[in-house]
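Please open the model in your viewer and keep the selection tool at hand. The tour moves from one selection to the next and says at each stop what is there.

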Amino acid sequence: MSTASLRLLVAILALTPAAGRPDTASVSAPEALSGGALTVSDSADTAYTHPAAGLDARQLELFVLGHRMFSNRWAFFWFENAEFGRGPTSNAQACTTCHTNNGRGLTTGTPALPSVGAAGEIRDHHITVPFEPAPNIVVRVSLPGEDVHGGPRLHPQYGDQLQIFGVQGVVEPEAAFALAWSEHAVTLADGEQIVLRKPALAISELGYGPLGDDIRVGIRLASALVGLGLLEAVPEEAILALAARAPADGIGGKANRVWDESQHRMTLGRFGLKANHGSIREQVAIAFFNDIGLSTPVYPDQNCPPISETCSVQMVAGKPEITPLRLDATEPYIRALSVPARRNVDHPQVRRGEALFGQARCAVCHVPELKTGPFPALPALAHQTIRPYTDLLLHDTGEVLSDGRPDFLAGGSEWRTPPLWGIGLAHAVNGADGFLHDGRARNFVEAILWHGGEAQMSRDAFARMSRADRDALVAFLQSL
Ligand code: HEC
Ligand code: HEC
């Protein structure tokens with residue numbers, strides 16, 4: 001281990017409960033323990049960064065190495081002052097570029113207007129903010145039809161993600177892209193107006209020929225990395241049982257089944273915004289490959305447009321660049337990240353909001369409580385009662401949120417119910433300012449008002465609530 005890693009390991013060990021790590025002792029209500037026994041009570045910018053309690057010395061050592069892989073700045077050339085291996089094509093220099101402090105990506109555009117009390121005060125309902133680069137956004141592309149496993153059909157040159165960096169002077173970037181936001185106002189039952197924004201995407205400077213007229217394009221904002229190991233530890237049967245519930249109030253729910261290259265088999269989808277990845281290992285390997293341009297045992301090749309003559313001959317930092325040990329460390333790093341405890345659980349306004357969350361049917365999709373099963377991959381995560389506020393299923397949230405880009409069984413307008421645990425700390429963690437798959441919602445009110453399709457009833461219930469009740473529901477989300 002390098003001295004830097006050792007120093008981090010010492011720092012982590014110093015944070016273990018015995019030595020006064022922010023622990024669960026100060027949190028009493030069981031509903032506050034979002035991650036079961038693995039909950040940490042930290043509401044600062046470090047809230048998403050703690051390893052689960054109960055890791056043994058070897059697991060902690062891997063956690064430290066994984067943390068280093070995750071926070072490393074990767075360089076195109078061996079002589080740069082960072083670790084060699086990035087690219088040839090990539091979207092960022094580090095995982096932490098998009099997941100700062102393990103939080104969600106940041107958006108561009110305008111901050112939300114303060115809501116206004118009476119109708120008619122917002123005159124311009126259709127403002128358009130000019131195009132700006134969006135560095136924490138990923139643009140997914142695919143062609144109509146399916147690949148051999150039923151997944152998206154990759155573009156022959158661009159694959160399934162547009163990389164905005166190449167190697168200067170040697171390998172062209174695949175494309176540049178920018179977002180513009182157009183705003184419109186909606187009026188709630190009590191007359192209050194809320195301004196919503198939605199993105200338009202401009203793709204330019206295509207390096208390897210046209211995308212074609214049939215191209216399907218999806219915009220994705222980086223999600224927060226909270227409690228993913230606990231979600232992996234939920235038994236498949238439990239998720240399938242939720243999918244088998246009789247539809248109520250127009251709400252169904254469908255499990256995604258996806259190809260997992262790391263296990264070479266079809267599996268239940270749990271990760272990614274369309275539940276399009278089946279395991280943390282797969283999700284991590286594809287992130288190394290697509291986002292930074294690092295090969296792994298799972299994806300051993302360089303991520304190159306085949307037409308490029310210079311890309312595939314670039315020097316590599318290793319075969320693969322992320323060695324089996326490095327992947328074996330990054331996987332448990334992501335898996336072991338624990339969940340922050342809730343705050344203000346017993347506050348009357350939060351309690352009121354929690355009741356409204358049930359009454360408005362939010363809890364049908366954002367299922368408050370799940371149980372993990374046996375979990376040999378990380379036994380500390382087994383048999384926990386967790387409160388992630390997701391069913392891990394796909395739901396149709398309406399045409400307004402559709403990206404028209406299917407991903408295995410997920411249609412264009414279907415998204416995985418995102419877990420809501422830790423969401424109240426999103427801003428504290430890294431200043432996060434965008435919710436929903438493309439970051440269009442600048443706060444919880446906007447996020448709720450975009451829900452359509454199966455969630456239309458929930459959205460309408462919210463729009464009919466009194467201001468006090470809407471505030472209570474938001475206070476509840478803020479307590480998560
Ligand atoms: C360019 C921005 C960007 C970079 C860099 C990036 N990610 Fe992500 N990450 C995303 C986006 C966007 C998503 C949502 C992906 C989707 O669903 O299609 C995501 C999702 C994830 C998820 C799944 C979260 C969930 O709730 O299911 C994991 C795990 C993850 N990233 C790990 C990593 C790791 C590890 C790295 C570094 C190797 C990395 N990411 C680098 C943008 C990024
Ligand atoms: C039919 C299932 C369903 C119902 C009912 C539902 N949601 Fe959602 N919710 C989703 C899905 C799916 C998304 C992701 C949509 C997207 O990213 O475009 C989402 C996104 C969210 C987000 C943003 C999360 C993030 O990480 O960006 C919040 C907050 C939220 N819902 C709160 C609520 C509240 C509050 C209610 C009740 C008023 C509710 N939801 C009702 C399925 C549902």
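## Stop one: around ligand 2

Begin by selecting helix H9 (362-365) and strand S16 (414-416), each of which supplies at least two residues of the shell around ligand 2. Keep in mind throughout that this is a predicted model.

Now select ligand 2 together with its surroundings, which comprise 24 residues, and among these Cys362, Cys365, His366, His437 and His451 come nearest. If you colour this shell by residue class, you will find 13 nonpolar, seven polar and four charged residues.

Which side chains place an N or O atom beside an oxygen atom of ligand 2? Select arginine 104, where an N or O atom of the side chain is 2.8 Å from an oxygen atom of ligand 2, and then histidine 437, where the corresponding distance from a side-chain N or O atom to an oxygen atom of the ligand is 2.6 Å. Histidine 366 is also worth selecting here, with a polar side-chain atom that lies 2.8 Å from a nitrogen atom of ligand 2.

## Stop two: ligand 1 and its iron atom

Move next to ligand 1 and centre the view on its iron atom, for which His99 is the only protein donor, reaching the metal through NE2 at 2.1 Å. If you trace the backbone through histidine 99, you will see that this residue belongs to the loop between helix H3 (95-98) and strand S4 (128-133).

Widen the selection to the residues that surround ligand 1, of which there are 24, with Cys95, Cys98, His99, Arg140 and Leu273 as the closest. By class, this shell holds 15 nonpolar, five polar and four charged residues.

Three contacts can be displayed one after another. At leucine 273 a backbone N or O atom lies 2.5 Å from an oxygen atom of ligand 1, at aspartate 291 a polar side-chain atom lies 3.0 Å from a nitrogen atom of the ligand, and at arginine 416 a polar side-chain atom lies 3.1 Å from an oxygen atom of ligand 1. To see which elements build this shell, highlight H3, strand S5 (137-146), strand S9 (216-221) and helix H6 (280-292), the elements that each give two or more residues to it. Of these, H6 contributes the most to the shell around ligand 1, namely four residues.

## Stop three: the sheet S4-S7-S8

Switch to a ribbon view and select S4, S7 and S8, three strands that form an open sheet in that order with antiparallel pairing. At its edges are S4 and strand S8 (193-204), each of which pairs on one side only. Neighbouring strands of this sheet are turned against each other by 25 degrees on average, direction ignored.

Look first at S4 and strand S7 (residues 176-187), which pair in the antiparallel sense over four bridges, and here proline 133 stands opposite alanine 178 in S7. Then follow the pairing of S7 with S8, which is antiparallel and runs over 12 bridges. Along it, tryptophan 181 stands opposite proline 199 in S8, while histidine 184 has leucine 196 as its bridge partner in S8. Where S7 turns into S8, the hairpin has five residues between the strands, and glycine 191 takes a positive phi near 95 degrees.

## Stop four: the sheet S6-S5-S9

Select S6, S5 and S9 next, which form an open sheet of three strands in this order, again with antiparallel pairing. S6 and S9 stand at the edges with a single partner strand each, so one side of each is left without a neighbour in the sheet. S5 and S6 run antiparallel and are joined by two bridges; at this pairing, glutamate 146 stands opposite proline 152 in S6.

## Stop five: a pair of rings

Finally, show the aromatic side chains, among which 10 aromatic pairs are counted. One to select is tyrosine 158 with tyrosine 208, whose ring centres are 6.3 Å apart and whose planes stand at 65 degrees, so the pair is edge-to-face. This pair links distant parts of the chain, since tyrosine 158 is in the loop between strand S6 (152-153) and S7, whereas tyrosine 208 is in the loop between S8 and S9, 50 residues apart.

Conventions
Residues are numbered from 1 along each chain as its sequence is written. Chains are lettered from A and ligands numbered from 1 in the order in which they are written. This is a predicted model: local features need pLDDT of at least 70, side-chain atom pairs count only at pLDDT 80 or more; totals for chains, interfaces and linings use all residues. Side-chain values use heavy atoms; hydrogens and water are left out. Donors are N, O and S atoms within 2.8 Å of the metal (3.2 Å for Na, K and Ca); water is not among the atoms, so sites may look incomplete. A residue is near a molecule or strand if one of its heavy atoms lies within 4 Å of it. A polar contact is a pair of N or O atoms within 3.5 Å; within protein, one must be able to donate a hydrogen and the other to accept it, and residues adjacent in sequence count only if both atoms are side-chain atoms. Ala, Val, Leu, Ile, Met, Phe, Trp, Tyr, Cys and Pro count as nonpolar, Asp, Glu, Lys and Arg as charged, and the others, Gly among them, as polar. Two strands pair if DSSP finds at least two bridges between them. Axes are lines fitted to C-alpha atoms, for helices over the stretch in contact, and angles run from 0 to 180 degrees between N-to-C directions. Rings of Phe, Tyr and Trp (its six-membered ring) pair if their centres lie within 6.5 Å; planes under 30 degrees apart count as stacked, over 60 as edge-to-face and the rest as tilted.
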